[in-house]
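Here are a few exercises to work through with the structure in front of you. Try each task before you read its solution.

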Amino acid sequence: MVIRVPELDRFYRRLAAEESLSHEDALRIFDALHSEAILLGAFSDATILDGLEVDLRVAKAVNGLKP
């Protein structure tokens with residue numbers, strides 16, 4: 001977990017002000033990174049949902065939601 005400190009807040013505000021990525025550019029970058037990850041064998045489309053149930057249970061527990 002990242003602890004929010006004033007320096008980090010200033011960094012994120014400056015980063016957001018300097019970045020000017022359109023939604024289309026962001027999607028193009030995501031698609032390129034996704035394709036590269038598949039080529040490198042980091043994950044595959046067939047197994048992309050493996051472990052999702054565990055992630056959902058953890059998220060519910062962390063956020064205090066009822067199972």
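**Exercise 1.** Work out whether R14 is buried, partly exposed or exposed.

*Solution.* Keep in mind that this is a predicted model. Start with the value: R14 has a relative accessibility of 48%. Exposed means over 50% and buried means under 20%, so R14 counts as partly exposed.

Now look at a partner of R14: it forms a salt bridge with E18, and the closest N and O atoms are 3.9 Å apart. The cut-off is 4 Å. Both R14 and E18 sit in helix α1 (residues 6–18), four residues apart, which is about one turn of the helix. E18, at 59% relative accessibility, counts as exposed.

**Exercise 2.** Find the residue whose side chain meets that of D25 in a salt bridge, and say where the pair lies.

*Solution.* The partner is R28, at 2.3 Å from N to O. Next, place the pair: D25 and R28 are both in helix α2 (residues 23–40), three residues apart, about one turn of the helix. Then check the accessibility: D25 is partly exposed at 29%, while R28 is exposed at 53%. The count for the model comes to two salt bridges.

**Exercise 3.** Decide whether the protein chain is spread out or a compact globule.

*Solution.* First, list the elements: there are three helices and zero strands. Then compare the radius of gyration, 17 Å, with the 11 Å that the globule rule gives for 67 residues: the value is well over the rule, so the chain is more spread out than a compact globule. Finally, look at burial: buried residues make up 3% of the 67 residues.

Conventions: Residues numbered from 1 in each chain as written. Predicted model: local features only at pLDDT ≥ 70, side-chain atom pairs only at ≥ 80, totals over all residues. Heavy atoms only, no water. Helix = DSSP H or I, 4+ residues; strand = E, 2+ residues; numbered from the N terminus. Buried < 20%, exposed > 50% of the residue type's maximum accessible area, 1.4 Å probe, protein only. Rg over C-alpha atoms; globule rule 2.2 N^0.38 Å.
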